[in-house]
Amino acid sequence: MRFSCTLIATAIALLSNVHQAQAQTAGIASDPLRIAVEKALLSNPEVTSRFNAYRAAGDAVDVARGALRPRVDLNASVGIDKDKITSRQPQSESLRRTGVGLSLTQLLWDGLGTQREVDRFGHDRLSRYFDLLEATEQTTLEASRAHYDVLRFQRLVALAEDNYVQHRYASQQIQSRFRAGVGRGVDLEQANARLSLAESNLTTEVANLHDVMTRYLRVIGEAPPKASPAPAALTVLNSELPGSTIEVLNRAVVQSPAISASVEALRAARVSAQVRESTFQPRVEARVRSGFGNNFDGVRDQKHDSSAELVLNWNLYNGGADQARVRQQVNLVNQAEDLRDKACRDVRQTAAIAYNDTRKLTEQLVLLDRNTLAIEKARDAYRQQFDIGQRSLLDLLNAENELYTARRAYANAEYDRALAFARTHAGMSQLTAQLGIARSASLSEETSGWAVGEDAPGRCPAEAITLPAIDIEALARRVPALAEPVRPKK
């Protein structure tokens, strides 16, 4: 029951606008990647645990705020008192008493400790909110990775199956020639060896597919669909990226929930230090109490008693513990600043590498496509030449393996590129929005007017690594030097 309520709450919080978005963007709504991400956000324990932590932080604010309100206590008692006083007669006396009392206590001053405690829990709630956003974004990325990896290895299994079929066909051809007396036994052994290697490669790819499907089940919460989506699904995230690394990094820092959570954690630590300092000030309370009974409060024949008072309590010495707590909290503030700066550096590194991968893999795909087409033409030519005896079996098998390797490299690069786009969007904390999954208005209002202000990271380098483009022409000019004869040294 508790888990079901959590799922419902998470669904309302994260996906309240899904149906409206689906009506407006039917193409995106039918995307298998988005469907997988929605299922992951609704069922992944990482997201639901962060959501429950956020709600618990909101309750903690109410707990702290309750100390600012009056406290009303009802007490009742019944008992017997026995006294022995040697200076009076009789020396022993018993007194039966009953009583019911009502007391009210109102905090008037505690050095603003309670109010600052409310503020601290408020910052902690915002930190948990940003943690929820970060968990949502990272779960979206993990779901995307799981989705793409399943597609990747389904493709690799298909390539390994085709490679096995090609090697089995070559083995059967060589076996037919050997039986007809026009083939050599060594060629048959070589063909069977390559066939065994192709079968081993197929077994490996099937095992890898099993592993990624198991990870898909863990992240998404259900097994992946058997039908593979169209290749067009890989292009859904290839748009709306900035044109430069600097712009990507700036947007990543500004929009990062991880950095925002660390900023709120720093603010909470600062307020907590102020809470520690409030212990050096007096605590003032107003108390009102009234009660009635028989021999009330142990006073013979007393039926009723009321009192009103102001109570001041000022601790003057506590063994140095309060000063130690202040020093401890100052160190924790410094630690929070360190974690904020570390979060900034991590975000910039992740976004920079992901964005560079999108550009690198886009260029590599063009070259890998040329390589695959050229090798495929060479393989076809080798097969024709082998049929007429102009090529050896080893040449044909090497060409077949080279084509399989080239196709495999192209498939990996294609899915790596799709994942790089997803990583870049996640680095800028916009992957979930890019897939058309919107947060509810109630959650968006949580950070209305929020700003980092003067708490921006201070030790987070603003530079971006830029390397010069590969100068192919300059490399080509070095080729003739290889043809020059090496002169012996005198």
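Me: What makes Phe51, Tyr54, Tyr129, Phe130 and Trp450 a cluster?
Reply: Ring pairs do: they link these five residues, Phe51, Tyr54, Tyr129, Phe130 and Trp450, into one group. This is a predicted model, and it holds four aromatic pairs.

Me: Why is the pair of Phe51 and Tyr54 called tilted?
Reply: The ring centres are 6.5 Å apart, and the cut-off for a pair is within 6.5 Å. The planes meet at 50°. Stacked would need under 30 degrees and edge-to-face over 60, so with 50° the Phe51 and Tyr54 pair is tilted.

Me: Where do Phe51 and Tyr54 lie?
Reply: Both sit in helix α5, residues 45-65. They are three residues apart, about one turn of the helix.

Me: How do you know that Phe51 counts as buried?
Reply: Its relative accessibility is 6%, and buried means under 20%, so Phe51 makes the cut. Tyr54 goes the same way, because its relative accessible area of 12% is also under 20%.

Me: Why is the pair of Tyr54 and Tyr129 called tilted?
Reply: Here the centres are 5.8 Å apart and the planes are at 55°. That angle is neither under 30 nor over 60 degrees, so tilted is the word again.

Me: What does the pair of Tyr54 and Tyr129 link?
Reply: Distant parts of the chain: Tyr54 is in helix α5, Tyr129 is in helix α6 (residues 113-180), and 75 residues separate them. Tyr129 is buried too, because its relative accessibility is 0%.

Me: On to charges over rings. What lies over the face of Tyr382?
Reply: Arg391 does, at 4.2 Å from the ring centre, and the distance limit is within 6 Å. Arg120 lies over the face of Phe121 in the same manner, 4.4 Å from the ring centre.

Me: What else does the side chain of Arg391 meet?
Reply: Asp395, in a salt bridge with an N to O distance of 3.8 Å. The cut-off is within 4 Å, so 3.8 Å counts. Arg391 is partly exposed because its relative accessibility of 30% falls between 20% and 50%. Asp395 gets the same label, because its 25% falls in that range as well.

Me: How do you know that Cys344 and Cys460 form a disulfide?
Reply: Their sulfurs are 2.0 Å apart, and a disulfide needs them within 2.5 Å. A search of the whole structure finds one disulfide.

Me: Why is the disulfide of Cys344 and Cys460 called left-handed?
Reply: Because the torsion about the S-S bond is about -80°.

Me: What makes the Cys344 and Cys460 pair a tie between parts of the sequence?
Reply: Cys344 lies in helix α10 (residues 321-387), while Cys460 is in the loop between α13 (441-444) and α14 (472-476), so the bond ties together parts 116 residues apart in sequence. Cys344 is buried, because its accessibility is 2%. Cys460 has 17%, which is still under 20%, so Cys460 is buried as well.

Me: How do you know that Asp338 forms a salt bridge with Arg459?
Reply: The closest N and O atoms are 2.3 Å apart, within the 4 Å limit. Asp338 belongs to helix α10 and Arg459 to the loop between α13 and α14, so this pair links distant parts of the chain, 121 residues apart.

Me: Why does Asp338 count as partly exposed?
Reply: Its relative accessibility is 38%, between 20% and 50%, so neither buried nor exposed fits. Arg459, with 42%, is partly exposed because that value lies in the same range.

Me: Asp149 and Arg152: buried or exposed?
Reply: Both are buried. Asp149 and Arg152 form a salt bridge, with the closest N and O atoms 3.3 Å apart. The two lie in helix α6, three residues apart.

Me: How many salt bridges does the structure hold?
Reply: There are 37 salt bridges. Some join up: Glu264, Arg267, Arg270, Glu337 and Asp455 are linked in a network.

Me: Which helix has the lowest mean pLDDT?
Reply: Helix α2 (residues 18-24), with 42, whereas helix α9 (residues 257-277) has the highest, 96. The pLDDT is also below 50 over residues 1-12, a stretch with 17 contacts in the model beyond near neighbours in sequence. Where pLDDT is low, the predicted coordinates should not be read in detail. For the whole protein the mean is 88, and 89% of residues reach 70 or more.

Note on methods
Residues are numbered from 1 along each chain as its sequence is written. This is a predicted model: local features need pLDDT of at least 70, side-chain atom pairs count only at pLDDT 80 or more; totals for chains, interfaces and linings use all residues. Side-chain values use heavy atoms; hydrogens and water are left out. Rings of Phe, Tyr and Trp (its six-membered ring) pair if their centres lie within 6.5 Å; planes under 30 degrees apart count as stacked, over 60 as edge-to-face and the rest as tilted. Helices (H or I, at least four residues) and strands (E, at least two) are DSSP runs, numbered from the N terminus. Buried means under 20% relative accessible area, exposed over 50%, partly exposed in between (1.4 Å probe, protein chains only). A charge sits over a ring if NZ of Lys or CZ of Arg is within 6 Å of the ring centre and within 35 degrees of the ring normal. pLDDT is the predictor's confidence in each residue, from 0 to 100. Contact means heavy atoms within 4.5 Å.
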